[in-house]
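Q: Could you give me a close look at one part of this model, starting with a single residue and its backbone? I would also like to hear about a few other spots to look at beside it.

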Amino acid sequence: MRVILSAQDQKDLHYEVECILRMFLPQLRLDFAQAEAEPSSEQVVIVTGEGENTVTLSVPGFFGEEREPASASRKDTEASVCRCLYRLLVRATGKKISWGVLTGIRPVKLVRELREQGLSYGEIAGRFTRRYLTTPEKAALCIQTDQVQQTAIGKAEPKGYSLYLSIPFCPSRCSYCSFVSHSIEKTRRLIPAYLDKLEEELVYTAKIAKEKGLTLQTIYMGGGTPTVLEAEQLDRLLETVNQNFDRSRCLEFTVEAGRPDTITKAKLEALIRGGVDRVSVNPQTLNDQVLQTVGRKHTAEEFFQAYNLTKQFPFTAINIDLIAGLTGDTLESFQRTLEIVMALEPENITVHALTMKRAANMIGEKEARLGGVSQVGQMVDHSQQALAGAGYRPYYLYRQKSTVDSLENVGYCRGDTLCCYNIYIMDETHTILSVGGGGVTKVVLPGNRIERLFNFKYPYEYIDRFPTILERKDALRAFDL
């Protein structure tokens with residue numbers, strides 16, 4: 001499909017128009033071009049193709065859309081165009097998106113911003129359903145999430161920050177995965193050198209944080225699968241953290257243990273010795289056939305063994321991740337998995353909608369149609385209702401590009417066991433200092449300005465080009481933190 005925008009619209013509308021088109025037509029190739037002759041003021045976007053794909057879209061009067069006044073802001077005009085395009089695509093495809101034209105990955109942050117502008121929750125819900133065409137259910141989900149996470153956001157200190165440690169190794173690569181992670185079957189030899197550099201970066205980062213007078217509030221170790229490391233390696237890494245960072249005002253230390261087949265008693269003992277108080281044990285599904293299909297090298301029984309072992313240790317919270325829409329899964333199978341997981345009564349449960357990214361091995365229209373993908377919306381809706389009935393509340397929410405049916409990922413908690421790090425990174429509450437391969441440091445500056453510093457993605461790059469990593473970290477010294 002060819003998409004032609006006027007010169008001005010190329011700048012203002014390209015991103016939003018592309019996002020909306022991809023929500024409805026994820027596999028279609030889009031060719032953006034600039035109009036050879038400027039369209040009339042009535043004609044903001046022209047989408048052309050062959051046969052039934054040929055269409056001209058005008059903003060005023062389209063599908064009941066009112067003309068924006070001459071004084072309308074760029075965002076108002078953008079929203080109007082997006083609503084028109086959305087309604088056209090609904091008519092053409094027969095498909096509706098529960099998030100309407102809201103394409104951002106942080107819809108809850110929008111709720112907070114509107115609340116701080118003085119809008120009531122009722123007014124915010126109306127803004128979501130009328131301006132962005134979201135369903136009332138999604139608007140309510142965002143509002144409830146905002147309500148739950150306010151306590152954690154209130155704990156954020158003016159010079160607070162979070163520390164993220166990346167361990168980009170896994171026991172095997174899952175077919176749906178698009179994270180920067182490598183199977184240790186091929187890259188185990190890199191781990192010792194990687195840890196040497198990671199510890200050096202930690203020491204360097206701690207020094208800068210102290211110079212800037214920052215307060216460490218949360219630590220999160222993710223990946224990959226951090227528990228691919230041996231117990232001795234975890235001991236050494238955690239000792240480096242504890243010796244170099246002041247944890248006296250740190251609210252939590254989370255490790256994404258993740259794969260049940262990497263969890264042992266010795267590793268859990270190392271985590272406890274290192275001051276870790278939150279862990280994840282993530283089966284994604286309890287259907288053994290689906291686990292095998294997507295490349296998970298463990299069974300449901302091995303998950304139960306790992307979870308029961310983890311429960312023997314004094315962690316304040318255990319999280320369990322599930323994915324809705326895995327290849328070969330069905331609505332009934334997903335419901336059974338969720339029912340079993342809720343019966344275990346973990347403090348946190350996170351439900352992810354399957355994301356089909358280019359980097360994932362299972363990408364492609366054919367694979368996307370093999371399993372329960374068409375039922376993903378039902379799976380997500382069921383999880384929200386079932387978890388609410390079991391006393392779980394949504395505490396953080398985010399969306400990703402290429403997620404099936406443009407759905408969301410939601411973390412749920414019981415009581416006050418929410419993970420502050422997850423909230424802070426999604427809300428962009430404060431600076432996140434990241435170390436390790438693929439780490440992205442996000443510096444939050446006055447005026448809600450965000451600056452990013454990128455580490456090299458892959459372990460071999462991280463090791464070979466490590467001096468550049470430290471040079472990039474030096475940029476932190478120039479920021480007004």
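**Asn-448 and some other backbone spots**

A: Happy to! Asn-448 is exposed, because its relative accessible area is 68% and the cut-off for exposed is over 50%. Bear in mind that this is a predicted model. Along the chain, Asn-448 sits in the loop that joins strand 16 (440–445) to strand 17 (449–454). Its backbone deserves a look too: Asn-448 is not a glycine, yet its phi is positive, near 60 degrees.

Now turn to Gln-284, another non-glycine residue with a positive phi, here about 70 degrees. Gln-284 also belongs to a loop, the one between strand 10 (278–281) and helix 10 (288–293). Its surroundings can be set against those of Asn-448: Gln-284 has 9% relative accessibility, so it counts as buried, whereas Asn-448 is exposed.

A backbone feature of another kind appears at Gly-223 and Gly-224, where the peptide bond linking the two is cis, with omega near 15 degrees. Gly-224 is placed in the loop between strand 8 (215–223) and helix 8 (231–244).

To finish, move from loops to a helix. Asn-308 is part of helix 11, which covers residues 300–311. With a relative accessible area of 43%, Asn-308 is partly exposed. From Asn-308 you can also pick out Leu-344: the two are 36 residues apart in sequence, and their C-alpha atoms are 9.3 Å apart in space.

Key:
Residues numbered from 1 in each chain as written. Predicted model: local features only at pLDDT ≥ 70, side-chain atom pairs only at ≥ 80, totals over all residues. Heavy atoms only, no water. Helix = DSSP H or I, 4+ residues; strand = E, 2+ residues; numbered from the N terminus. Buried < 20%, exposed > 50% of the residue type's maximum accessible area, 1.4 Å probe, protein only.
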